[in-house]
Structures are given as structure tokens and as C-alpha cells.
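Me: I am new to this structure and would like a close look at a single part of it. Please take the place where the ligand sits and explain it with some care.

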Amino acid sequence: MDNPLEAIKKRRSVRTFHPGPLGPAELDRLQELCRERRTGPFGNPVRFRLLDLSLVSEEERRRLGTYGVIRGARFYILAAVKDQERAMEDLGYCMEKLILELVSMGLGTCWMAGTFRRSSFAAQMDLEEGELLPAISPVGYPADRASLTERVMRYGVRADRRKPFEELFLEADGSPLTREAAGLYRDALEAVRLGPSASNRQPWRMLRDEGGCFHLFLKEDQGYNRAQGRIRIQNIDMGIAMCHFELAAGQLGLKGRWLHQAPGLALPGLEYIATWA
Ligand SMILES: Cc1cc2nc3c(=O)[nH]c(=O)nc-3n(C[C@H](O)[C@H](O)[C@H](O)COP(=O)(O)O)c2cc1C
């Protein structure tokens with residue numbers, strides 16, 4: 001990807017698609033991207049499959065529902081990961097990288113970890129022992145006009161809005177980190193802030209310590225995050241944030257990598273995820 005910052009700014013959820021076929025070059029590239037081996041920052045490999053609905057029987061297709069949320073999509077990306085520690089973060093990280101590649105090709109996508117019939121899609125993934133199917137995404141050319149369902153959904157979650165910068169990012173003493181004080185890291189933090197999150201809840205918080213390291217935390221909504229057993233939607237959000245921060249930092253020439261190095265600060269209501277150092 002030549003310009004991840006541009007892809008991060010351009011990405012938005014697309015739920016209404018042109019039903020026609022993809023161009024051959026795009027389809028080739030899409031297949032290639034789904035075949036690439038990907039491993040997240042915590043070391044979990046993530047497996048992808050491209051599902052072409054035109055190749056499944058009419059009866060199977062009826063079962064592969066999205067409750068009317070997605071219209072006109074012929075292709076879906078399915079993502080599976082072994083149920084291990086930090087698997088959700090790794091899935092979020094790897095799938096968001098793939099999604100940003102697709103966005104930079106002009107394709108539309110939509111993270112889905114809730115509104116689809118998981119068991120029917122899982123049957124298409126041939127899950128291995130211990131694997132979960134946490135998320136899928138339709139992929140294709142966006143339609144010119146969003147369906148009414150899509151417009152209502154976007155309105156319902158205020159999809160174009162994000163929490164203020166100073167609420168998401170903090171100084172070591174817990175006071176707000178302003179854009180000005182963030183200096184060279186401002187755009188990397190903005191890239192986190194622009195990210196998609198389940199129901200647009202934006203559970204990412206980042207704290208900059210005195211040494212200039214950034215610690216990523218989850219402000220969990222427990223009832224929401226734990227409603228689907230081992231699939232933790234907000235931990236997927238954390239992986240997406242790690243992807244955005246890392247890609248943006250890379251493009252901005254800021255050196256660093258993700259480590260597990262808890263800062264030794266007890267922040268009420270926040271769960272530590274990782275440190276950029
Ligand atoms: C982990 C995750 C799960 C999501 N699950 C769904 C879903 O099941 N159905 C859906 O319509 N949108 C889903 N979304 C999309 C969010 O609602 C969307 O990203 C958010 O409202 C912000 O809008 P934007 O992506 O256009 O910036 C999900 C997003 C994420 C990151």
C-alpha cells in the first residue's frame with residue numbers, strides 16, 4: 001500500500017454494493033490478498049477466505065444472511081483465528097490491513113462481527129479445530145446510493161463522528177493530550193481516532209508516558225464486549241487501532257514497534273493492551 005494515511009482517511013463502511021462482477025485485475029488482486037499469510041503483533045496467524053456467492057447453491061445463499069444489512073454484495077471476506085490469547089487483536093490488525101489495501105483499490109468493505117449468520121458463514125470457512133470466525137466483510141464496488149437500512153444504521157451510530165481527540169488520548173498524569181502537545185504523533189493518533197469500531201463506540205484510549213512511549217488501553221463496555229462468548233468485538237477494535245497507529249507511524253517516519261510492557265499505572269476502568277515504543 002503506497003499511502004496508508006490516505007486509505008485510513010478514505011475508508012468508511014459500505015453496506016450497499018453494485019451487484020455486477022469485479023474487474024479481472026481486481027479479482028486477481030483480491031484473491032492474492034486473501035491468500036497472503038498474515039500474523040498479528042501478538043503472533044497469532046489469521047486465515048482468510050474469499051467467498052463468491054455466485055458459486056454457492058441458491059439454498060446455501062439463502063442461509064448466508066446479513067439480516068438485510070448488506071445489499072448487492074457478491075463477495076465476502078471471511079476471517080478465522082485460533083482461540084488463543086490476544087487472538088481478537090491479531091485478527092483486527094490483520095483484517096484491517098487487508099481492508100485498507102482494498103480501500104486503496106477503490107473497493108468498499110464493511111467490518112461485520114454482529115449482523116450476520118455466523119454459523120452459516122462458518123460452514124463456508126471449513127473451520128479447523130479450535131478456530132473461531134469472529135468477523136466477515138462484504139467487498140465490491142460501492143453503489144451510488146446507500147440503502148435506507150444503511151442510512152438509518154449510519155445515523156443510529158453517528159458513524160461520521162468521533163470522540164474528541166483529548167478524550168481518547170492522555171498524558172501520563174491522566175490529563176488530556178492535545179493535538180499540539182502530541183507533536184509528530186498527532187497524525188498517528190488521528191489515524192487511530194478515524195478507525196472503525198463496533199457500533200462506533202471507540203473504546204481505544206492511548207496514554208503517552210514521560211519517556212514518549214504510547215500505551216494502548218481498552219475502555220471496555222463489558223456487557224457489549226462479552227455478549228458473544230469467546231468473540232470479543234472490542235478487542236478486535238484494539239487490533240484495528242494498532243494497525244492504524246503502526247501504518248501511520250511508518251508513513252510518517254516515526255520509529256517504533258508494539259511491545260507488551262505494562263506501564264505500571266493503574267488506570268481505573270481501562271485494560272492494558274500494548275505499548276508502542
Ligand atoms: C469489530 C467491528 C464490528 C462491526 N460489526 C458490524 C456489524 O455487525 N454490522 C454492521 O453493519 N457494522 C458493523 N461494524 C461497522 C461499524 O458500525 C462502523 O465501523 C462504525 O459505525 C463507524 O463507521 P465507519 O466505518 O463508516 O467509519 C463493525 C465495526 C467493527 C470495527
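Where does the ligand lie with respect to domain 1 (4-152) and domain 2 (160-276), and why?

Reply: Since this is a predicted model, what follows describes the prediction. The ligand lies between the two domains, because domain 1 (4-152) and domain 2 (160-276) both give residues to the shell around it. That shell holds 22 residues, of which Ser-13, Trp-111, Gly-114, Pro-196 and Asn-200 come nearest to the ligand. Helix 11, which covers residues 233-252, gives the most to the shell, with four residues. Sorted by character, the residues around the ligand comprise 14 that are nonpolar, six that are polar and two that are charged.

To place the ligand in its wider setting, it helps to turn to the two domains themselves. The domain assignment of the protein chain sets domain 1 at 4-152 and domain 2 at 160-276, and the C-alpha centres of these domains lie 24 Å apart. The domains also touch one another, with 22 residues of domain 1 in contact with 24 residues of domain 2. On the side of domain 1 that touches domain 2, helix 1 (4-10), helix 4 (87-104) and strand 5 (131-140) each supply at least two residues, and helix 4 gives the most, with eight residues. The residues of this side of domain 1 divide into twelve nonpolar, four polar and six charged.

Methods
Residues numbered from 1 in each chain as written. Predicted model: local features only at pLDDT ≥ 70, side-chain atom pairs only at ≥ 80, totals over all residues. Domains from an automatic or database assignment. Contact = placed C-beta atoms within 7 Å. Nonpolar A, V, L, I, M, F, W, Y, C, P; charged D, E, K, R; others polar. Near = placed C-beta within 6 Å.
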